[in-house]
Amino acid sequence: MLYRSLRSSLLIICLLVSLEANSAQEGLAYLNSIREKSGLIKLKSNKALQNAAASHARYLIQNQQSGHYEKKGHPAYTGSTPSQRVVKAGYPSMFVMENVSINTVGQKKSIENLFSAIYHRLVFLNFDTDEIGYGSSSANKKRQVKQAYVYNMGASGIAALCRRSFTLTNGTYYMRDICKQSSKMVPQSLFEATKDKVRRKNREIILYPYAEQTDIWPAFYNESPDPLPGYKVSGFPLSVQFNPAYYSHVTLKAFRLYNENGKEIEETRILQENNDPNHILTALEFVLMPLKRLEFDTRYTAVFEAVADGVNVKKHWKFRTSKPEAKIYRVNGNTITLAVEAGTTAVLYMVPDSRNDILHGYRSRGGINASFLDQNTLKVTFPKRRSSGKVSLDFGKKKVFFDVQ
């Protein structure tokens, strides 16, 4: 009896490990498909980066926190910063980047959410990295932080430099605080040449959304740090990145967005190095932030013009926003009644009245089953039988009544 019980436990553990491995492979494949279609090389899986990512995900769940930093003495602590955690996990270089998302349903959704957040997107679309480790952790109880996803990215060439020994010579500039041994000196020229080698494997200019991309979620809500202070809801951001292996100086001339009728979306904010509120964008990165949500199932056209190292550059491309599978009810105003069919599922889009108009929760009546798709959009399933009683969703100031037929 004991042997059979133990054997069953081992089988369950092996199955869980297999499922986690498959999830990680599928997530990496999805991320790499986006990178490739954008014009970047695939990221290779790295075990040390994976272990570091997994350890930080456990820390976030156990301590009910979010973000990139850990506090010494707390449960599951492995290092205060991403660089400290990766070297503890056996990675030789501190030249790493990290992305973190919490409380998303599945790894694919976590990646999509990070791409909607501009600073985190640019980490995923970085020109310098070529390897990655992914880790996740979840809470068994009903806690505030239920799921954590962590992505650590590094550069294999820089890691290889950290495994070498260099003899100091006069007339050579050296860099420190790059390797596991922070005092180790690496020739600056070799460090830059190694980065440049990876950069030149990527396209000269990266656009996102990439040309003809579909299923772009039309909204952007929050990011830390916040690229759009004062806005709780806005539209999906667009970005243009110039590869530093090919360009050194870029001057923006125009960055515009048009709907499928050719009308310009005039309410936008252009971010670049000189006006980025968080001083994160480089001189080769440009962002268009629509100040209002984009529309579902709409084909948009982006136009970008700049002078790059004295040469005129113009990019003109199209993308399409998501089309929910169910019928969309677009709700304006505070009170409305909708006629719906019993037993059907629909998408309820509560159009924001202002830049701070988001939903925080709801009360339902009449057997409605609802779940949030974003902070202004819900997936709603109506009762299977016709109802003469009150069937409604109450959001506080806003109320929607349903005539179930």
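Colleague: Why is Cys 162 called buried?

Modeller: This is a predicted model, and in it Cys 162 has a relative accessible area of 5%. Buried means under 20%, so Cys 162 counts as buried.

Colleague: What makes Cys 179 buried or exposed?

Modeller: The relative accessible area of Cys 179 is 0%. That value falls under the 20% limit, and therefore Cys 179 is buried.

Colleague: How do you know that a disulfide joins Cys 162 to Cys 179?

Modeller: The cut-off for a disulfide is a pair of cysteine sulfur atoms within 2.5 Å. For Cys 162 and Cys 179 the S to S distance is 2.1 Å, so the pair meets the rule. Applied to the protein, this rule gives a count of 1 disulfide.

Colleague: Which parts of the chain does the pair link?

Modeller: Cys 162 sits in helix 6, and Cys 179 in the loop between strand 5 and strand 6. The two are 17 residues apart and belong to distant parts of the chain. The angle about the S-S bond is -80 degrees, and the link is left-handed.

Colleague: What makes the length of helix 7 agree with the expected span?

Modeller: Helix 7 runs over residues 188–199, which is 12 residues. The expected span is 1.5 Å times one less than the number of residues, and for helix 7 this comes to 16 Å. The end C-alpha atoms of helix 7 are 17 Å apart, so the two values agree.

Colleague: Which residues of helix 7 are buried?

Modeller: Phe 191, Thr 194, Lys 195, Val 198 and Arg 199 are the buried ones. Because they cover an arc of only 140 degrees around the axis, they lie on the same side of helix 7. Ser 189 and Lys 197 are exposed on the other side of helix 7.

Colleague: What do the buried residues of helix 7 pack against?

Modeller: They pack against helix 6 (156–162), strand 5 (174–175) and strand 6 (186–187). Helix 6 also holds Cys 162 of the disulfide.

Colleague: Why is Arg 35 called buried?

Modeller: Arg 35 has a relative accessible area of 0%, and the limit for buried is under 20%, so Arg 35 is buried. This arginine is found in helix 1, which covers residues 2–38. Beyond its neighbours within four places in sequence, Arg 35 is in contact with several residues, including Leu 40, Phe 124, Asn 126 and Asn 202.

Colleague: Why does Ser 116 count as buried?

Modeller: Its relative accessibility is 15%, and under 20% is the condition, so Ser 116 counts as buried. Ser 116 belongs to helix 4 (residues 107–116). Leaving aside neighbours within four places in sequence, Ser 116 touches Arg 121, Phe 220, Phe 236 and Pro 237.

Colleague: What makes Glu 212 partly exposed?

Modeller: Glu 212 has a relative accessible area of 46%. Buried is under 20% and exposed is over 50%, so with 46% Glu 212 is partly exposed. Glu 212 is in the loop between strand 7 and strand 8, and its phi is near 70 degrees, a positive value in a residue other than glycine. Pro 209 has its place in the loop between strand 7 (205–208) and strand 8 (213–216), and the peptide bond from Tyr 208 to Pro 209 is cis, with omega near 0 degrees.

Colleague: Why is Asp 297 called partly exposed?

Modeller: The relative accessible area of Asp 297 is 30%. Partly exposed lies between the 20% and 50% limits, so the label fits Asp 297. Asp 297 is found in the loop between strand 14 (285–290) and strand 15, and has a positive phi of about 45 degrees although not a glycine.

Colleague: Which residues touch the most other members of the largest nonpolar core?

Modeller: Tyr 151, Phe 242, Phe 304 and Trp 317 do, in a core of 44 residues. Strand 15 (residues 299–308) gives the most to this core, with 5 residues. A second, separate core has 19 residues, among them Ala 346, Ile 368, Leu 378 and Val 391. In soluble globular proteins, nonpolar side chains tend to be buried together.

Colleague: How many helices and strands does the protein have?

Modeller: The protein has 7 helices and 24 strands. Of its 405 residues, 47% are buried.

Conventions:
Residues are numbered from 1 along each chain as its sequence is written. This is a predicted model: local features need pLDDT of at least 70, side-chain atom pairs count only at pLDDT 80 or more; totals for chains, interfaces and linings use all residues. Side-chain values use heavy atoms; hydrogens and water are left out. Helices (H or I, at least four residues) and strands (E, at least two) are DSSP runs, numbered from the N terminus. Buried means under 20% relative accessible area, exposed over 50%, partly exposed in between (1.4 Å probe, protein chains only). Contact means heavy atoms within 4.5 Å. A nonpolar core is a set of buried Ala, Val, Leu, Ile, Met, Phe, Trp, Tyr and Cys residues joined through side-chain atoms within 4.5 Å. The arc is that of the directions from the helix axis to the C-beta atoms.
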